[in-house]
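This briefing is intended for a reader who wishes to relate individual side chains to their surroundings. Please keep the sequence and the model at hand while reading.

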Amino acid sequence: MERVLSALVWILLISEALTQGIHRPPLAAPVNVVVTPNSVTHTSVWLTWDVVPKAESYTVRVSPISLTATGTGSGIREKFTRIRGLQPNTEYEFTIRAVQGNNVGIAAYISQRTALPAPRNVVVNQTTLQANSMTVRWSPVVDVDYYKISVDPPIGISGTGTRRYSTEITLQGMSANTQYTVIIVPYNYVGEGARATVTQYTKMRPPTRLVVNRATVTSSTIGFHWQQVDGTLGYRIRVSPRVPDLDLNQLILETEFVLRGLSPDILYIIQVAAVNIAGDSRYTMVSQKTLSMCFAQANQYEEHTFSVICPAGCARHRNSVYGTRIYTLDSYICSAAIHDGRIDNELGGTVMVRRTLGINDFVGTLMHGIVSQDYGSYHDAFVFALQPPQNIRIKPGSVSSDSFIVQWDLVRGADAYRVRTSPSAVGDEGNIVQTKVLLHSLAPNVTYTVQVEAVNERETSEEGAVTQRTALPGTARVTVDNVAQNSFLLSWLPVPGASSYRVNATFYERLVFTIQTPAHEALVNSLASGTVYNVTVQSINQNSIGSPTTIQQFTGLDVPSNLRVLSLGSDNMVISWLPVNGAAYYSISYSKDVLDTCCMTNLTIYENRVLLSELLSNQLYVVQITASNQFSTSRRAMLRQVTALPKPPNLRVVNGSLTQNSVFLSWDELPDVRTYIISELNDTRRRSFNTSRHTIKLQSLYPRRTYRIQVVGYSIHHISGDPSIVEFTTLIEPPENLRVETGNNNNQVNVKWNPVVGATLYLVTCNPSEGVIGTGELMQRNVILSGLQFRVLYNVSVAAMVGTNVGMKSYVSFTLGVSVMGLVAVHNVTRTSMLLQWNHDDIAVTRLQYNMAGSSNRRNIASNRSMSEISIHGMQPYTRYNLVVTYEHLFTSLHNNQQNQEPISTAVVTRNLNDTSDEVILMWNQVPGATSYSVTSIPHYRITGLRNYTATTATLSGFRRGTNYMISVIARTEETSIQYLPATVSIEGIVPDYPEPSVITVEPTGDNYENSATGDTDFTPEVNPNGNSNNNNNNQGQTGNESVQQNNVTWIAILVVVGVLFTMFVVLVTVCICAGENRKPLFRNCGCCWCCRCASGVKSCSCRGCCCEDDQYDGSYY
């Protein structure tokens, strides 16, 4: 059963597959799919294709998908379709498939870009729009190549039809007042884009034949007309300068117009334009100047009474004046006003004109330089009326609570003025000749109306009026409280009718404070201290300000500030402070230590400083200062100040301490001194230094100079005391380069020195002086001393003299004959120390030098004259040392040899302390029988002058500072040599198992001395191989071989470490190279591939050997 069911299922599936056409071939793709030429717009395209056999319909799809597109989808029965609703300037891909039932054919594709959109923002430039041209501009279109512009109607228009690459075009040759449609089309490679249009009327042609009607030109009118423009809606007029009553927006329908209300004697520019729907045409212009007011006539005015402003100089137009007092209506107003005395010809002015009925006979007269003419009967006339008083005003500052002054301008033709007030006031009775009046005895805070009119014998003018309210009454009982340095409080009684009060404070008419308050008191602040102010209080309401009430008030005094001590002594001090504004005097009180009123001293001074004297030194004082005047006293200002220390007493130069460049100063110590400050008063740089002791040594002074030294104590309160001053003059400088030279005479020497500038004599002394000849005062710069003895230490001094003043002495010490170094022995040798012994000399100091064998770093140890042994500690165990023991003389040594068998010594000439030369002069006595002398040195590096000499002097140079040298001189003959050599020794450290040596004695030999002349001496004592350190004759130097072996082991260890590090470096680099992503072999050699991991074509791989069994790998290598 199951098999039957399975068979049925398979049959159904196969039949369904046959039904769906699985085995049917798909329909062919449409061919000749094209876009119809010239069918592409900015939103649509036409697609056509050939018919596909057996196709029932077609499906068309568009990409990108457009929701607004029509003409797409399925069920299209024709072989074409028009697709609408696309986006402009967009690339689309269209897919067309043939459909037969459920069989959808193969797709055919075609791409097409839509045309450009229409240009946007197409406008006509209204500012350049004319009757025959217009400028059109638009926004640029993306991807456009060019534009084409057309116009409807196109007759006579230039600039269209050609390609346009800009976004603006000016069209010429248009007709006036005509509507045009401008079409702009963008183009690119797709073709023609969407069109944009704009419609615009051209403007009207401007009016022509614009002329002024001369008969209408007066001082206030101008009439003009122009030719009619056909088709216009009206005309617009512009006038410059502007006429106040002219409406510029009003269209004039007629071709004539009269401007009225113009100003006289002004040039006006008149412009007229024709108007249509496009706006105003170009304006046609004409200019005309109005007549002067001197030509104004009453018949030009329509008002019954009017005023005229006449310029100066109208008397020259006197011919057109008819009548006296009453003038014909056509008379010149300004000339008649001069004739009637209303204005002056030189000044001009304003006159009031009133029209009246004419008379039968106008009589001419001569008045005010104008001759009027007679005239018969005239129907209309005018007279000059009195003007009402102008500019009626209240005199500024005259308004009080009971009076004020009224002023007005002069009225020409008036004999007097009549003033009336409401309510009535004193001062307005009768006629007033002047142009002002004082109204008094008025009620406070009342509004008055003042009326003024001009009168003469014939008429009275109209009234002019002014209104004024009298002021409030003044405030009463103004009092002052709470006076401070910068403020005080004002109070007063209230004023009836006052809404607020104004308070002003002035200082010398300069307003420094103002406030308006509704209260009956005010705090006047932000003032200066100690200053008198004028303070006014006025009551105020909405109508007036009351009379001021004025008082004077002083502000309080400031506390004296910025107290400082200008000068401070041990018994006085000067104190100053900033001046207090308004202070008349100052009160000073001071006491010692505390504020004790019974012990205070009081002073009154009139300036801002005070000298306090008769004080105690190094004592605290409390000083109080107050400022005062006749009105107030300030609070106290306080200052605490400790007086200075007294000057250091008994400042002096210590006896015998004065030299040419130094001096000792001393003084008695002061109590409570922290330090002393020493300075030189003659020093322009004012250098100083401190010391806590009461003695000091000044060095680096100049010889023969006078110094003034000041010493000031600086107390524990950080206050400098009074100075003590000492004056001294440094001594004459000592002669330089004092030296001793020997001659052939064995008991005399030649002492020489460099001359001292300005010295007249030299004082030479010798100690001991017994038997010595040649000392005393000398004029020359050298002296020969004779009568000397051997092995006696002589001290010779030389001082320069200037007049009777003796300067500092230069010293040199020497002796004749010095013993040679005695026996040197080493005892008590341990691992880190040894004892060295020698024979000592009474007049020499012994110097020991030692260093490890092979090292150039020597250590120096000097002993005094009484020592003959020294222990050396801190030595390295099991180490060889070179030791050199020499006599070192701090003075010149002159040796004299009586026998050839004894050695000679060199005579080293000492140098002056200021000498910077590196030369040393050697001198020695001649040795009988010696043919030459050999000079050597240890060390001898860079020393020049080491050679054989036949004379008894030598000059050596090239010495290094801080290095000790041993100089030797050998007297030589053909048979023998006489030598002087320091004893030397070279030992090794003792191993712990060896018995410690007792004594090693070393004697100098001739062979060693020969080597020392070249600096190659190797001082190696002989040591017993059996460990007996007392046997000096059997030592073969085995210890040195052990040191060499130890050095060899060290070098081997260093090489091993370096080799291990290099191997690690190579392995690390190899691993880094092997870390590539491709895992290729590193290199290839003799068929072997070296790599980290197996690569393509390699059976196995290892970093420790060959990994390839053949040459099949053809890949790349690292």
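The points below concern disulfides, aromatic pairs, charges over rings and two individual residues.

The model is predicted. It holds two disulfides and 28 aromatic pairs. Selected examples are set out by topic.

**Disulfides**

- A disulfide is a covalent bond between the sulfur atoms of two cysteines.
- C294 and C314 form one disulfide, with their sulfur atoms 1.8 Å apart. The torsion about this S-S bond is about -75 degrees, so the disulfide of C294 and C314 is left-handed.
- C294 is placed in the loop between β23 (284-289) and β24, and C314 in the loop between β24 and β25; the pair therefore ties together parts that are 20 residues apart in sequence.
- Is C294 buried or exposed? C294 counts as buried because its relative accessibility is 0%, and buried means under 20%. C314 is likewise buried, with a relative accessible area of 0%.
- C310 and C334 form a disulfide in which the sulfur atoms are 2.2 Å apart. Why is this disulfide left-handed? The torsion about the S-S bond of C310 and C334 is about -90 degrees, and the disulfide is therefore left-handed.
- The pair of C310 and C334 links distant parts of the chain: C310 belongs to strand β24 and C334 to helix α2 (residues 333-340), 24 residues apart.
- C310 counts as buried at 4% relative accessibility, and C334 is buried with a relative accessible area of 0%.
- A further cysteine, C766, counts as buried at 9% relative accessibility.

**Aromatic pairs and a cluster**

- A pair of aromatic rings is described by the distance of the centres and the angle of the planes.
- Among the 28 aromatic pairs is the edge-to-face pair of Y322 and Y375, at 5.4 Å centre to centre and with 65 degrees between the planes.
- Y322 and Y375 link distant parts of the chain, 53 residues apart. Y322 lies in the loop between β24 (305-310) and β25 (323-324), and Y375 in the loop between β29 (370-371) and β30 (380-385).
- Y322 counts as buried at 17% relative accessibility, whereas Y375 counts as partly exposed at 37%. The value for Y322 is under the 20% that defines buried, and the value for Y375 falls between that limit and the 50% above which a residue is exposed.
- Y327 and F384 have ring centres 5.9 Å apart and planes at 65 degrees, so this pair is edge-to-face.
- Y327 and F384 also link distant parts of the chain, with Y327 in strand β26 (residues 326-328) and F384 in strand β30, 57 residues apart. Both Y327 and F384 are buried.
- Which residues form one aromatic cluster? F224, W226, Y235 and F257 do so.

**Charges over aromatic rings**

- R163 lies over the face of Y146, at 4.1 Å from the ring centre.
- The charged end of K148 sits over the ring of Y187, 5.3 Å from the centre of that ring.

**The surroundings of T730**

- T730 is located in the loop between β58 (720-729) and β59 (739-742). T730 is buried, with a relative accessible area of 4%.
- Which backbone atoms lie by the polar side-chain atoms of T730? The backbone oxygen of Y702 lies 2.5 Å from a polar atom of the T730 side chain, and the backbone nitrogen of R705 lies 3.0 Å from a polar atom of that side chain.
- Residues up to four places away in sequence aside, T730 touches L658, T659, Q660, L701, Y702, P703, R704, R705 and Y707. Y702 and R705 thus appear both among these contacts and in the backbone distances given above.

**The surroundings of V212**

- V212 is found in strand β17 (residues 211-213) and counts as buried at 13% relative accessibility.
- V212 and I222 are 10 residues apart in sequence, and their C-alpha atoms are 7.3 Å apart in space.
- With neighbours within four places in sequence left aside, V212 is in contact with V217, I222, G223, F224, V286 and Q288. One of these contacts, F224, is also a member of the aromatic cluster with W226, Y235 and F257.

Technical notes. Residues are numbered from 1 along each chain as its sequence is written. This is a predicted model: local features need pLDDT of at least 70, side-chain atom pairs count only at pLDDT 80 or more; totals for chains, interfaces and linings use all residues. Side-chain values use heavy atoms; hydrogens and water are left out. Helices (H or I, at least four residues) and strands (E, at least two) are DSSP runs, numbered from the N terminus. Buried means under 20% relative accessible area, exposed over 50%, partly exposed in between (1.4 Å probe, protein chains only). A polar contact is a pair of N or O atoms within 3.5 Å; within protein, one must be able to donate a hydrogen and the other to accept it, and residues adjacent in sequence count only if both atoms are side-chain atoms. Contact means heavy atoms within 4.5 Å. Rings of Phe, Tyr and Trp (its six-membered ring) pair if their centres lie within 6.5 Å; planes under 30 degrees apart count as stacked, over 60 as edge-to-face and the rest as tilted. A charge sits over a ring if NZ of Lys or CZ of Arg is within 6 Å of the ring centre and within 35 degrees of the ring normal. A disulfide is a pair of cysteine sulfur atoms within 2.5 Å.
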